[in-house]
Amino acid sequence: MDKTELKQISQKYADSQGFQLQPDGKILDMILTGLLRNKDQHGEIYCPCRRVTGNKEQDKKIICPCIYHKDEIKQDGQCKCLLFLKK
């Protein structure tokens with residue numbers, strides 16, 4: 001998977017959920033880079049804003065989109081890593 005493909009997947013997910021994908025190109029690039037780095041290092045696209053523990057059962061909660069993002073967007077208008085924002 002490359003950055004372009006991951007961006008397309010993320011955009012499709014954001015659209016399906018009524019979210020907005022990070023509009024700032026620099027920030028978006030940084031987030032996508034972090035996601036892909038985690039994929040290379042840990043085998044999954046773990047959220048770059050969360051710590052990978054090495055416990056597969058625990059860490060599956062932070063595979064992007066993580067289990068926390070919807071509540072964070074509802075409460076804060078954005079998820080913790082800033083990939084998804086409220087429209």
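A residue counts as buried when its relative accessible area is under 20%, as exposed when that area is over 50%, and as partly exposed in between. Keep this cut-off at hand for the exercises below, which all deal with a predicted model.

**Exercise 1. Classify N38 and describe its surroundings.**

Step 1: Place the residue. N38 belongs to helix 2.

Step 2: Apply the cut-off. The relative accessible area of N38 is 10%, so N38 is buried, given that buried means under 20%.

Step 3: List the partners. With neighbours within four places in sequence left aside, N38 is in contact with G43, E44, Y46, C47 and P48.

**Exercise 2. Work out the order of the elements and say how compact the protein is.**

Step 1: Count the elements. There are four helices and two strands in the protein.

Step 2: Read them from the N terminus. The order is α-β-α-α-α-β.

Step 3: Compare the radius of gyration with the globule rule. The protein has a radius of gyration of 12 Å, close to the 12 Å that the rule gives for 87 residues, so the protein is as compact as a globular protein of that length.

Step 4: Add the dimensions. Along the principal axes, the C-alpha atoms fill a box of roughly 35 × 25 × 20 Å.

**Exercise 3. Describe the interior, the contacts and the surface of the protein as a whole.**

Step 1: Start with burial. Of the 87 residues in the protein, 34% are buried.

Step 2: Turn to the contacts. Among contacts with a separation of 6 or more, 42% are between residues 24 or more positions apart.

Step 3: Look at the surface. The exposed area of the protein is about 5600 Å², and carbon and sulfur atoms supply 48% of it.

Step 4: Finish with charge. The protein has 16 positive and 12 negative charges, and the mean positions of the two sets lie 3 Å apart.

**Exercise 4. Which backbone atoms does the side chain of Q22 reach, and is Q22 buried or exposed?**

Step 1: Find Q22. This residue sits in the loop between strand 1 (19-21) and helix 2 (25-42).

Step 2: Judge its accessibility. Q22 has 9% relative accessibility and therefore counts as buried.

Step 3: Follow the side chain. The side chain of Q22 reaches the backbone nitrogen of D24 at 3.0 Å. A polar atom of that side chain also lies 2.8 Å from the backbone oxygen of L82.

Step 4: Gather the other partners. Not counting residues up to four places away in sequence, Q22 touches I27, L28, L82, L83 and L85.

Step 5: Look at L82 from its own side. L82 is in the loop between helix 4 and strand 2 (84-86). Its phi is near 75 degrees, a positive value in a residue other than glycine. At 26% relative accessibility, L82 counts as partly exposed, whereas its partner Q22 counts as buried.

**Exercise 5. Examine the loop between helix 3 and helix 4, using P65 and I63.**

Step 1: Locate the two residues. P65 lies in the loop between helix 3 (56-59) and helix 4 (69-76), and I63 is found in that loop too.

Step 2: Check the peptide bond. The bond from C64 to P65 is cis, with omega near -5 degrees.

Step 3: Classify I63. Its relative accessibility is 24%, so I63 counts as partly exposed.

Step 4: Trace its contacts. I63 touches E44, I45 and Y46, with residues up to four places away in sequence not counted. Two of these, E44 and Y46, are also among the contacts of N38 from Exercise 1.

Step 5: Give a distance. I63 and K39 are 24 residues apart along the chain, and 9.7 Å separates their C-alpha atoms.

**Exercise 6. Set M1 beside G34: is each one buried or exposed?**

Step 1: Take M1. This residue is in the segment before helix 1 (3-17), and its relative accessible area is 52%, so M1 is exposed.

Step 2: Take G34. This glycine is in helix 2, and its relative accessible area is 3%, so G34 is buried.

Step 3: See what M1 meets. Apart from its neighbours within four places in sequence, M1 is in contact with L6, I9 and L36.

Step 4: Give the distances. M1 and M30 are 29 residues apart along the chain, with their C-alpha atoms separated by 16 Å. G34 and K7 are 27 residues apart in sequence and 12 Å apart in space, C-alpha to C-alpha.

Definitions and conventions:
Residues are numbered from 1 along each chain as its sequence is written. This is a predicted model: local features need pLDDT of at least 70, side-chain atom pairs count only at pLDDT 80 or more; totals for chains, interfaces and linings use all residues. Side-chain values use heavy atoms; hydrogens and water are left out. The radius of gyration is taken over C-alpha atoms; the globule rule is 2.2 Å times the number of residues to the power 0.38. Buried means under 20% relative accessible area, exposed over 50%, partly exposed in between (1.4 Å probe, protein chains only). Contact means heavy atoms within 4.5 Å. Accessible areas come from the Shrake-Rupley method with a 1.4 Å probe; for residues, only the protein chains shown count as cover. Lys and Arg count as positive and Asp and Glu as negative; His and the chain ends are not counted. The place of a charge is taken as NZ of Lys, CZ of Arg, CG of Asp or CD of Glu. A polar contact is a pair of N or O atoms within 3.5 Å; within protein, one must be able to donate a hydrogen and the other to accept it, and residues adjacent in sequence count only if both atoms are side-chain atoms.
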